[in-house]
Amino acid sequence: MKRSIIASLFFLLPLFAVCQEKLTVKVHPGVELFTIVQILADQYPKPNPSAYTTEVMAYFGKYKDHPAVKKAASFKQVYTDMVELGWCMSDFPNIKIHEPDSTINWYKFNGKENTLEYIKLCRDFFNDTKFWDFYQQHLPRYTKWGNELKVKVDSGQYIKNLEDFYKYKADAKWYICIDPLNSWGSHAIMTKTLNPQFSDLLVYNTGYFNRNGKAEADPVFEFRDFENLVWHEGSHVYINALLSKYQKQIDEMEYLFNKDDDGMKRNNIGTWRYCFDENMVRSITAALYKKYRTERLYKRQVAKEVLSDFIYVDELTPFIYDNYLNSNKYKTFAEFFPQVLKFLKEKHPAKPTK
């Protein structure tokens with residue numbers, strides 16, 4: 001029995017190593033920088049009590065009159081997730097700034113020139129406050145927090161679940177940005193619009209949510225909804241080649257897209273390909289919930305997607321689950337994919353032209 005357990009562990013080690021290589025968990029210096037500036041500008045929810053929060057305020061509190069802080073305070077629309085602008089920076093501590101894609105919301109809310117000026121002022125804040133010294137002093141603790149959360153995430157085997165589903169390789173890498181001053185929630189960061197050099201990363205930002213934390217204790221990080229990031233955003237990477245390969249067949253079903261639908265407008269979806277892509281990955285994610293989570297969570301996931309006006313999820317999810325995920329007929333999802341197109345076309349045939 002003991003020999004069997006040891007043999008099983010040796011078998012799992014290569015898989016564990018692969019998942020480790022694809023997953024980074026750390027405090028991102030850019031996000032931490034922008035978070036601190038917004039906190040000083042009173043444009044961020046109050047951090048939960050921790051020894052780290054106390055140390056941050058003791059070190060940076062005297063810089064409330066810095067131009068970067070005043071700039072943040074002057075913005076009419078400042079949201080908690082604006083700290084994602086930290087991903088526009090690279091090459092720490094000798095910061096290089098990438099001018100973000102023109103589609104980012106922060107240009108719409110505060111103007112492009114204002115946003116770019118703010119990023120540069122935050123770089124000044126980095127230099128003027130000797131931010132890098134503070135970051136380096138805390139690096140051992142950042143590393144400890146990241147390693148502890150990484151073990152929890154790896155134990156969930158969400159990356160393995162995704163790879164087992166598709167049964168072929170894709171260059172998908174995940175980065176969990178632990179944000180110790182974030183008391184409000186978790187969200188995905190679209191790095192490809194912020195800085196193309198990080199476009200191969202699927203980034204998930206998460207914070208420290210214990211409102212009853214002790215001011216003398218370090219934060220302890222939970223991992224919430226990470227499976228949704230892996231399964232949803234990862235699926236975009238996996239099916240991208242299939243969307244290109246079967247573009248003609250997908251385009252033939254463009255009649256299924258109602259561009260004037262309020263739901264599509266609310267979700268900023270302006271093309272059939274985008275609509276199809278989102279319905280596919282959301283259906284796949286729901287099918288994975290059915291296999292690896294509970295029936296209740298699966299039904300909740302499908303209901304959430306339908307209420308968000310991804311109307312084909314209700315049909316595609318059981319089809320994918322029954323005919324692919326719960327079947328051995330197809331060797332890979334790529335082999336099964338044409339059946340999805342056939343099903344959708346037969347379920348919703350085009351109306352004959354007069």
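This report walks through helix packing, a sheet and an aromatic pair in a predicted model.

## Helices α2 and α3

Let's start with two helices that lie close in the numbering. Helix α2 covers residues 29-40 and helix α3 covers residues 51-60; their axes are 11 Å apart and make an angle of about 70°. Angles of 65 to 115 degrees count as roughly perpendicular, and α2 and α3 are therefore roughly perpendicular to each other.

Which residues bring α2 and α3 together? On the α2 side they are Glu 32, Ile 36, Ile 39 and Leu 40, and these meet Tyr 52, Val 56, Met 57 and Phe 60 of α3. Sorted by class, this contact has seven nonpolar residues and one charged residue, with no polar ones.

## Helices α8 and α10

A second helix pair is found further along the chain. Here helix α8 (residues 158-166) packs with helix α10 (residues 226-245): the axes come within 9 Å and cross at roughly 35°. The crossing of α8 past α10 is right-handed.

From α8, the contact uses Tyr 158, Ile 159, Asn 161, Leu 162, Glu 163 and Tyr 166. Their partners in α10 are Phe 226, Glu 227, Val 230, Trp 231, Gly 234, Ser 235, Tyr 238 and Ile 239. By class, the contact between α8 and α10 has nine nonpolar, three polar and two charged residues.

## The sheet and helix α7

Now for the strands. Four of them form an open sheet with mixed pairing, in the order β1-β4-β6-β5. The edges are taken by β1 (23-26) and β5 (187-189), each with a single partner strand, so one side of each has no neighbour in the sheet. From one strand to the next, the twist averages 25°.

At one of those edges, β5 pairs with strand β6 (residues 201-207) in the antiparallel sense, over three bridges. If you would like a residue pair to look for, Ala 188 has Tyr 204 in β6 as its bridge partner. Helix α7 (residues 131-156) packs on this sheet and touches β1, β4 (173-179) and β6. The direction of α7 makes about 135° with that of β1.

## An aromatic link

The structure holds 47 aromatic pairs. One of them joins Tyr 52 and Trp 145, edge-to-face, with 5.5 Å from centre to centre and 90° between the planes. This pair links distant parts of the chain, since Tyr 52 lies in helix α3 and Trp 145 in helix α7, 93 residues apart.

Two of the elements described above thus come back here: Tyr 52 is also among the α3 residues that meet α2, and α7 is the helix that packs on the sheet.

Conventions. Residues numbered from 1 in each chain as written. Predicted model: local features only at pLDDT ≥ 70, side-chain atom pairs only at ≥ 80, totals over all residues. Heavy atoms only, no water. Axes fitted to C-alpha atoms, helices over the stretch in contact; angles between N-to-C directions. Helix = DSSP H or I, 4+ residues; strand = E, 2+ residues; numbered from the N terminus. Parallel < 35°, antiparallel > 145°, perpendicular 65-115°, else oblique. Contact = heavy atoms within 4.5 Å. Nonpolar A, V, L, I, M, F, W, Y, C, P; charged D, E, K, R; others polar. Left-handed = near helix turned anticlockwise from the far one by under 90°. Pairing = 2+ DSSP bridges. Phe/Tyr/Trp six-rings, centres within 6.5 Å; stacked < 30°, edge-to-face > 60°.
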